[in-house]
Amino acid sequence: MSDLDNAQDDRGGMPQCVIDKGVSRCESCGSLVPAQAVFENGFTYILQDCPFEKKTFKKLKYKGKWNIIRWQKTPSYWPWRATDKEKGLDWGRSDPRRPILALMMRTECSARCRICELVTSRVNKEKPAGLDVAAAKRTIAAHRGKMVSFCMAEPTENASLAELIRFASERRLITVISTNGLKLSDGKYLKILKDAGLRYIYMSFDGFDEDVYEKIRGGKHQYYLKLQAFNNIKNEKMKAGIKAVLVKGVNDNQVDALLQYALRNNFVTEVSLQSLSLGGEEESCGFTKEHLLSVEDIKFLINTVLHLSEDQFDCWNKIKIGLAAVMAKFPFIRISPFEFDAMYLVRKKDKLVPVLDGKRLERIASLLRDGKITGLIKAGFCLPASFFRFVLKEILFKRRLLETTDDLVLVRIRTIVSKPYFFSYSGMLVHKNMLTP
Ligand code: SF4
């Protein structure tokens, strides 16, 4: 069975199988303990065997089957590679060569969403979170990648945010924030961040219905503040990505509205969708595992809304796996990690259409299948002339990032991989020396 076949086999039916083995941090004592990921009746669980507490813990992780095998096909310097498991555990080590520095701002969020796991997931609850700004600046100065992402929990509640953005942008680093957007409803504050050099905003936004925010976040008022934030971003001519959490039966009917919003507003260049997470529990915050969606469920919702064939995402995944194998032959060329279950759409007059049609995708995927350079060259001839015109005009001539062009919308499916730590993820660096006691 191929890696992708494994990835698609997530509809349940199998009694139990072990997906991966490693270590993870015990929820109870905080020590690193033996753990395994298992797939059982359509859900992925983490089993921890804690020798210190002499207990076994079973945590519900995802609906569907997590497939770690395909991450192993990425070039060695990408953080997703399985051999980075050990590095991922050593939070004191930094790797300034990684493309993205994700700087955790350690500012607790006042939105108080029902679905939030961040506060409960902090291992050392006795130790107040905080950011050492001088240490953060040293880390930014040492970063040799291209981007700094200010995230977790809520960067806009940290008084040093503008100062750090300015510090990073003066070093020609691309600056990005991941925010709940509530403070961006204040146009003056957004302008301060823009003037400091902020380039891109990821904002959580779960649909166009105030009741959604009442049911899954911290109240209806969030909806109107977030709408105002979008207006401000648009007025400032900045670019933004929508991050939506989908809860089955609550807002899984909002996918169309979110994509339509992206179609009509070219300041939105990304729509990313992820399922509700229950933080390891079978039931939490009034929701049960019946409210979760698998990656396959979300693909189905997107494909239905956009009238795409079932295998669009899978074709893109195959292309990325093949391309990763080719790029591994050129370790001196450093590029950002490819994301799976993600694809670019082109904004046409009244609809979003895939960058490449189904036949071209299949052809390119088959040419790259063996990971050979000749396959890559042949695949280049399959690309339409419009693709090269786009690269010339937007990327080379205007020196824009894909995320900041007016024509493209990235649609992607996200999974939460914060725990256990053997699931390392893109650009994630956490520095002990940045946490004040
Ligand atoms: S906005 Fe995000 S970080 Fe803040 S409480 Fe809600 S889910 Fe948690």
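Which residues of helix α12 (residues 358-368) are buried? They are L361, I364, A365, L367 and L368, where a residue counts as buried if 20 or more other C-beta atoms lie within 10 Å of its own, as exposed if 12 or fewer do, and as partly exposed in between, with C-beta atoms placed from the backbone. Seen down the axis of α12, these buried residues fall within an arc of 165 degrees, so they line one face of the helix; the arc is that of the directions from the helix axis to the C-beta atoms. The buried residues of α12 pack against α11 (312-327) and α13 (373-382), two residues being in contact if their C-beta atoms, placed from the backbone, lie within 7 Å.

The model is predicted: local features need pLDDT of at least 70 and side-chain atom pairs count only at pLDDT 80 or more, while totals for chains, interfaces and linings use all residues. Residues are numbered from 1 along each chain as its sequence is written.

**Overall composition**

The protein comprises 14 helices and 15 strands. Helices (H or I, at least four residues) and strands (E, at least two) are DSSP runs, numbered from the N terminus. Of the 437 residues in the protein, 39% are buried. Among contacts with a separation of 6 or more, 73% join residues 24 or more positions apart.

**The sheets**

One open sheet has 9 strands in the order β5-β6-β7-β8-β9-β10-β15-β13-β14, with mixed pairing; strands pair if DSSP finds at least two bridges between them. β5 (100-104) and β14 (352-354) stand at the edges, each with a single partner strand, so one side of each is left without a neighbour in the sheet. Neighbouring strands of this sheet are turned by 25 degrees against each other on average, direction ignored. Helix α9 (residues 255-264) packs on the sheet and touches β9 (239-246), β10 (268-275), β13, β14 and β15. The direction of α9 makes about 165 degrees with that of β10; axes are lines fitted to C-alpha atoms, for helices over the stretch in contact, and angles run from 0 to 180 degrees between N-to-C directions.

A further open sheet has 4 strands in the order β1-β2-β3-β4, with antiparallel pairing. Its edge strands, β1 (17-25) and β4 (55-63), each pair on one side only.

Three strand pairs are set out below.

| Strand pair | Sense | Bridges |
|---|---|---|
| β13 (residues 342-347) and β15 (residues 408-414) | antiparallel | 5 bridges |
| β3 (residues 43-50) and β4 | antiparallel | 8 bridges |
| β5 and β6 (residues 147-151) | parallel | 5 bridges |

Individual partners can be named: V346 stands opposite L408 in β15, the bridge partner of I46 in β4 is K59, and that of L103 in β6 is F150.

**Strand β5 and V148**

In β5, 5 of 5 residues are buried. Both faces of β5 are covered, with I100, A102 and M104 on one side and L101 and L103 on the other. V148 belongs to strand β6 and is buried, with 27 other C-beta atoms within 10 Å. The C-alpha atoms of V148 and I100, 48 residues apart along the chain, are separated by 5.8 Å. Not counting residues up to four places away in sequence, V148 touches L101, L103, I140, H143, A168, L173 and T175.

**The ligand**

The ligand is surrounded by 10 residues, the closest being C109, A111, C113, C116 and N180; a residue is near a molecule if its C-beta atom, placed from the backbone, lies within 6 Å of it.
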